[in-house]
Amino acid sequence: MASLSHIISASPPTPTFLRLPLLREPRFKPFVISPKPIAFTGRGLGSFGVSYRRNVGLGFACNAVEREDWMGDSSIPDQMKHLAKEAPDPPNKWLLFSGFALLLYTWRAILWELSKYESVLLPVVNIILDPIKLLLRIPMLLLSAIYTFVVYTFQTICFYTPVPELTRVIFFSSIVLSIGGAVSTDSIDSQKHLLSLAGIVSFLTVCGYVPEVLFWVFLSGLFSYSFFVRQTDVVLAGLTPATALAAIGEPWVRGFVIILYLVVAIMQYFKYTEVERAKVRGKMVMTPLPLQVAALSIGISMAAAWARHRHLLWMAMAS
């Protein structure tokens, strides 16, 4: 090896930018290779190869072109050259855990910083959200009340509708309305609102919400309003009170009112002229709203009863 002293000499000191504090000083000093291709044999080649691989692994000055030239000019057999290549560094799995720990610390630090302003920002947020909650609560309460009313009303109609009593109400009220419609041309159409109001008050009286004395006062007021204020005849003025009494009165009251109203209507009809009688013929009269609601209630109750009967029959047949 002494004859090679003119070719290989001691390498210069490691550059300053390569002296990293985290890297250990290389065991072997890097060699300076002459531009002239040189072949090494024996033990010297092995020691040079190890030294070269370690130096390159530590990042010393040797580019890929020089390394390929050296590998091509070396005396290592082609079958063994792949053994001289550098092995890839194993992946650093701790970087992922380090990043996760950093994100966790940052998240906790942000929450800790925001917790200082919680006592200041929370009242401001509540001041902004309270009117919004109030505005949303009012329609929700209204919708819930409407929904509850509709559900309970439908349930009451299905299970607690007095079908026979409503049938009698419709029958006797229709008799009085037919008498009034046969005598006066617009006896029903001209006072639909009064008939609806009388029906509502009659229903409240039957339920017990309106005393009987007030009910009689109310009927007297309707007759006085129609006869004295609106200047109508006796048949037209007495149609609303007679219909209410025929609907919810006692049996003798119903009979007395129907007979009395029929007599008054006949007397008033004979007072009309031929022209006025001709107007009455062929007139289509609409049923008042309370009677329509009563008929609808009867239909819903009977349909619910039929559905319950069919359901029980199906269950009995299935069992």
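A helix here is a DSSP run of H or I, at least four residues long, and helices are numbered from the N terminus. With that settled, I can place Leu236 in helix α8. A reminder to myself before going on: this is a predicted model.

**Entry 1: Leu236**

I began with this leucine in α8. Is Leu236 buried or exposed? I get 9% relative accessibility, so Leu236 counts as buried, the cut-off being under 20%. Next I listed the contacts of Leu236, leaving aside neighbours within four places in sequence, and found Ser184, Asp186, Ser187, Ser190 and Gln191. I also checked Ala265: 29 residues separate Leu236 from Ala265 in sequence, and their C-alpha atoms are 9.2 Å apart in space.

**Entry 2: α5 against α8**

I stayed with α8, which covers residues 234-248, and looked at how α5 packs on α8. Two packed helices are described by the angle between their axes and the distance between the axes. For α5 and α8, I noted an angle of about 170° and axes 8 Å apart. That angle is over 145 degrees, and the two helices are therefore roughly antiparallel to each other.

Which residues of α5 and α8 meet? On the α5 side I wrote down Val169, Phe172, Ser173, Val176, Leu177, Gly180 and Val183. Their partners in α8 are Val235, Leu239, Ala242, Thr243, Ala246 and Ala247. Sorting the residues of this contact gave me 10 nonpolar, three polar and no charged.

**Entry 3: salt bridges at Glu165**

How many salt bridges are there? My count came to two.

The one I opened first joins the side chains of Arg168 and Glu165, at 2.6 Å from N to O. Both residues sit in helix α5 (residues 163-183), three residues apart, so about one helical turn separates them. I then looked up accessibility: Arg168 is partly exposed at 38%, and Glu165 is partly exposed as well, with a relative accessible area of 32%.

Glu165 also forms a salt bridge with Arg254, at 3.2 Å from N to O. Glu165 lies in α5 and Arg254 in helix α9 (residues 251-271), so this pair ties together parts that are 89 residues apart in sequence. Arg254 is buried, with a relative accessible area of 7%. Through shared partners, the salt bridges join Glu165, Arg168 and Arg254 into one network.

**Entry 4: aromatic pairs**

My last search was for rings. A pair of aromatic rings is described by the distance of the centres and the angle of the planes. How many aromatic pairs does the whole structure hold? I found four.

Among them is Phe171 with Phe172, an edge-to-face pair at 5.3 Å centre to centre and 70° between the planes. Phe172 had already turned up in my notes, in the contact of α5 with α8.

Another is Phe227 with Phe228, also edge-to-face, at 5.1 Å centre to centre with 90° between the planes. I compared the accessibility of these two rings' residues. Phe227 is partly exposed at 28%, whereas Phe228 is exposed at 54%. Ring pairs link Phe227 and Phe228 with Phe223 into a cluster, and there I closed the notebook.

Methods: Residues numbered from 1 in each chain as written. Predicted model: local features only at pLDDT ≥ 70, side-chain atom pairs only at ≥ 80, totals over all residues. Heavy atoms only, no water. Salt bridge = Lys/Arg side-chain N within 4 Å of Asp/Glu carboxyl O. Buried < 20%, exposed > 50% of the residue type's maximum accessible area, 1.4 Å probe, protein only. Axes fitted to C-alpha atoms, helices over the stretch in contact; angles between N-to-C directions. Parallel < 35°, antiparallel > 145°, perpendicular 65-115°, else oblique. Contact = heavy atoms within 4.5 Å. Nonpolar A, V, L, I, M, F, W, Y, C, P; charged D, E, K, R; others polar. Phe/Tyr/Trp six-rings, centres within 6.5 Å; stacked < 30°, edge-to-face > 60°.
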